[in-house]
Amino acid sequence: MDFDTIAAISTPMGEGAIAIVRLSGNEAVSIADHIFKGVGGKRLKDVPSHTIHYGHIIDPANGQTVEEVMVAVMRAPKTFTREDVVEINCHGGLISVNRVLQLVLTNGARLAEPGEFTKRAFLNGRIDLSQAEAVIDLIRAKTDRAMNVALSQMEGRLSNMIRHLRQTILETLAHVEVNIDYPEYDDVEEMTHQLLMEKAKYVREQIDRLLQTAQQGKILREGLATVIIGRPNVGKSSLLNSLVHENKAIVTDIPGTTRDVIEEYVNVRGVPLKLIDTAGIRETEDIVERIGVERSRQMVKEADLILLVLNFNEELTKEDEELFETVKGMDVIVIVNKTDLPQKIDMERVIQLANGHPVVTTSLLEERGIEELEEAISQLFFTGAVEASDLTYVSNSRHIALLHQAKKAVEEAISGIETGIPIDIVQIDLTRAWELLGEIIGDTIHESLIDQLFSQFCLGK
Amino acid sequence: MEYHGGSYDVIVVGAGHAGCEAGLAAARIGAKTLMITLNLDMVAFMPCNPSIGGPAKGIVVREIDALGGEMAKNIDKTYIQIRMLNTGKGPAVRALRAQADKFLYQHEMKKTLENEENLTLLQGKVERLIVEDGVCKGVVTHTGAHYYAKTVVITTGTFLRGEIIIGDIKYSSGPNNQQPSIKLSEHLEELGFELVRFKTGTPPRVNSRSIDYSKTEIQPGDDVPRAFSYETTEYITDQLPCWLTYTTEETHQIIDKNLHLSPMYSGMIKGTGPRYCPSIEDKIVRFHDKPRHQIFLEPEGRNTEEVYVQGLSTSLPEHIQRQILATIPGLEQAQLMRAGYAIEYDAVVPTQLWPTLETKLVKNLYTAGQINGTSGYEEAAGQGLIAGINAARRALGKEELILSRSDAYIGVLIDDLVTKGTNEPYRLLTSRAEYRLLLRHDNADLRLTDIGYNIGLISEERYQKFLAKKAAIEKEKKRLQTYIIKPTPEVQEVIRQAGGSELKDGIRAADLLKRPEMTYEHIQLLAPADEDIPADVVEQVEIQIKYEGYIEKSLQQVERLKKMENKKIPEDIDYDAITGLATEARQKLKQVRPLSIAQASRISGVNPADISILLVYLEQGRIARVSNE
């Protein structure tokens, strides 16, 4: 059979050391080849079947290295799907694997539907006929589940904004259509390039906002912006190091040696975090340090999660209490560090200040309490409606891909307007944006344009 | 008295816009054809607007012409005014519209029918079909004549159980007080067809001599020669204007006050009317804040004083219609000649048809036009042509013709009807076509002449001309794609004059043409051709080069869809034997019986999971088939 090339992350979402992006289809090898840079210029399209190759994934758009990978090339028919299959093994956790997937999708592959690899295996005769019913159940069940996920997300801000945006586009489209189908109709002002430009720019701006505010999408692209705060020398950099298992931040006993903001990406039990260590937030005369402090305050304001570190070995200070005040209303985990030293802190007061937020005690020096901290982080984000299932993940990834495509369509509309392309042709790109946004919320029925046309305008002979 | 009236290849019932195309196409393809109509004086009659074309519809007329149909030629011979619409917009949405001399239009069409070899024109009323074992074999008229044929096309328009309603008056009638067709409607129900009740309407007509045109605005035709048909060479130059006026506050008050007398609101009318053609009372109720509505005054012909009051479609009582007319500037003294009315009629639920327009229920029986739930002469004619072609080809043992959504608006129209059905009289709109940049007014010949030629409706002479045009387009495109324009002072001057930025380097003529400010005329100055390039070739070259990127995008979309179109579903597939289909999807699939996966995916209520399941079954070749009972 002649199918397009599909791709998905085939390892479960979580803290696994290796994540695999799998491609299947005629273009699998050439798409992978396009974003792969092997040792000594080796090309994937030239390698023998069922071999594995070391190299890097490069973003062809800017030449940047995205990930260090091992790529397995398996050619049809001796593969799971009986199509050409490429598996890209990434080691950098969820964030980078997601970037690899995005690259594959922007370079010609389509995101696989739930169960689609299995379906292809079946369609291509890899799976026994007697399993037909099972496959159908799978398709049904997975699609329904995907729909449930879609539905639960529909209640969110994302889908509300998309609905609003689609309505804006729809009204604009109807306006263009009415000019075309009822050229003599006097009640509507002619849609001008200028008017259309305003609308298109508004739509682009809103899509940008969506891309920024769609929390799930943001987590997947960047990780949760997690800011570590605390007075100097409470162990902030040690905490960061413990989580990263690497020694990148400078750690000393002298207060104020961490002068700049340090960022690290880390995957904690399936929650992608962008860890930000700040220079100690405290009033200081040192100019260099003050710049660091100001940036820290800005970081705190923009954070998704705050890790507030206190010293077990010191009494709570006014500064500590001010920190609690600063992060009021945010997602906070309180970490009381240095339990290897004698207790001087008033834990009851800490719990009182934490006001329901989780409090974890650690000794980063003795590597105690880190498990509990990781558990607290994962608890915070994987309870409630959003499940840590690969489906949630996939549909989010799909949203991002669709939003990017929609944005691209709007940008093409804008450049069409700039170069004076007639409105009814520019409109093709706007319609495409409208359809793409509709795919996110599962609604692309074309008829709604005609409904809009007749409810918005009084038409007829 | 029952008797044998004769045997034919094809019988067409009805001689409206669908019937005329069906009969002519069948006869011209070589099928011995009989056309039966209720009233020979009403051939190709326009009971509503005396107008042909408009956005989308005008493109259909061009398509009909490219396929070898008659509508374009007939209107070119009989219009009183012609205009190109949307000239300020892109090439995809330009369309012609003509005001017809409705009487001349009829006479010309009748003459064409009468002079057609292979075609017999007959007045009579078909009351039932001869159906044996689910196969249509002919028709029986009210006089007892039995006519036999290999295939039958029904194009009875709004005549099926037609009822005219004016105020509280309601009587059985076809349009314009013609005989309705009641027995045929009952007979179709007996055969098992599902019928639906639709409604449409028409405005009053007034005497031109009683209109004060000084209070209206003139709407002249174009002063450049225009024609629908690619074969028309002589143009009517003597055009008549239309006139524009508006409703007033007083008009609205009268309608408001008398709304209870409107059968639309009294509950007397049950049929669904079209949203795109609302009555004046509907417009005022639904858009109460709009202070005025446009009223176009359109002459019905050169040899009549009757004027069609476009925009005033109504079924209010006659005396209210008179009051309304008197409130409109220019019509204060207008003499009412015919009152507006609403008409309710039966239509066949179109999902009961194959995309060839053959009915699924009765083999060799086709339906086309308003009987299929559409509205508009052009939509009717387009279907008539396709039904006529397919009926004739079936009779002659040839393969059927189905136009796709990327071939023609006619393809969009028929696919919409048979796949989605319609819950109001269906009208084509440009927004219904997803590939409208490909389905242009100007390239209908490029899209469809080959098809028309292959089915035998395009003459050899015309085809050779067409091939020459095609070759000329390619040649000129190639020339512009290779010709390098160098930045000489003369060249820069021309570009500056056009408002563009100067060249830095040599540029291909084609690339320069892509700049928005450049036209083919500019390019001709900078890169003159050795020979004279005809205007229709220039038009194509310019559009194809200027919008190349967008056209390419559309073509890619079509290509993607083709894969799905090529996955055929056998006609005898048994959807009940496929486990896993959702109930709604199963019902819809059983009703529509799509021919391809692409068509299946366009049915509302059939979701991607159902399509996947269908694919699984199709690919495994394990389709449970209906046993041959």
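The following exercises, each with a worked solution, concern a strand and several salt bridges in a predicted model.

Local features require pLDDT of at least 70 and side-chain atom pairs count only at pLDDT 80 or more, whereas totals for chains, interfaces and linings use all residues. Residues are numbered from 1 along each chain as its sequence is written, chains are lettered from A and ligands numbered from 1 in the order in which they are written, and side-chain values use heavy atoms, with hydrogens and water left out.

**Exercise 1. Strand E5 of chain B**

Determine which residues of E5(B) are buried on each side, and which strands pair with E5(B).

Step 1. Helices (H or I, at least four residues) and strands (E, at least two) are DSSP runs, numbered from the N terminus. E5(B) covers residues 95-100.

Step 2. Buried means under 20% relative accessible area, exposed over 50%, and partly exposed in between (1.4 Å probe, protein chains only). By this criterion six of the six residues of E5(B) are buried.

Step 3. In a regular strand the side chains alternate between the two faces of the sheet. One side of E5(B) carries Ala95(B), Arg97(B) and Gln99(B), the other Leu96(B), Ala98(B) and Ala100(B), and both faces are covered.

Step 4. Two strands pair if DSSP finds at least two bridges between them. E3 (residues 51-53) of chain B pairs with E5(B) in the antiparallel sense over three bridges; here Ser51(B) stands opposite Gln99(B). E4 (residues 79-85) of chain B is also antiparallel to E5(B), with six bridges, and Arg83(B) has Arg97(B) as its bridge partner.

**Exercise 2. Salt bridges of chain B**

Establish where the partners of Arg302(B) and Lys475(B) lie in the chain.

Step 1. A salt bridge is a side-chain nitrogen of Lys or Arg within 4 Å of a carboxyl oxygen of Asp or Glu. The whole structure contains 65 over all chains.

Step 2. Arg302(B) bonds in this way with Asp238(B), with the closest N and O atoms 3.3 Å apart. Arg302(B) lies in the loop between strands E16 and E17, and Asp238(B) in the loop between strands E14 and E15, 64 residues apart. Arg302(B) is partly exposed at 30% relative accessible area.

Step 3. Lys475(B) meets Glu531(B) in a salt bridge of 2.6 Å, N to O. Lys475(B) belongs to helix H13 (residues 460-482), whereas Glu531(B) is in the loop between helices H16 and H17, 56 residues apart. Lys475(B) is exposed at 52%, and Glu531(B) is partly exposed at 43%.
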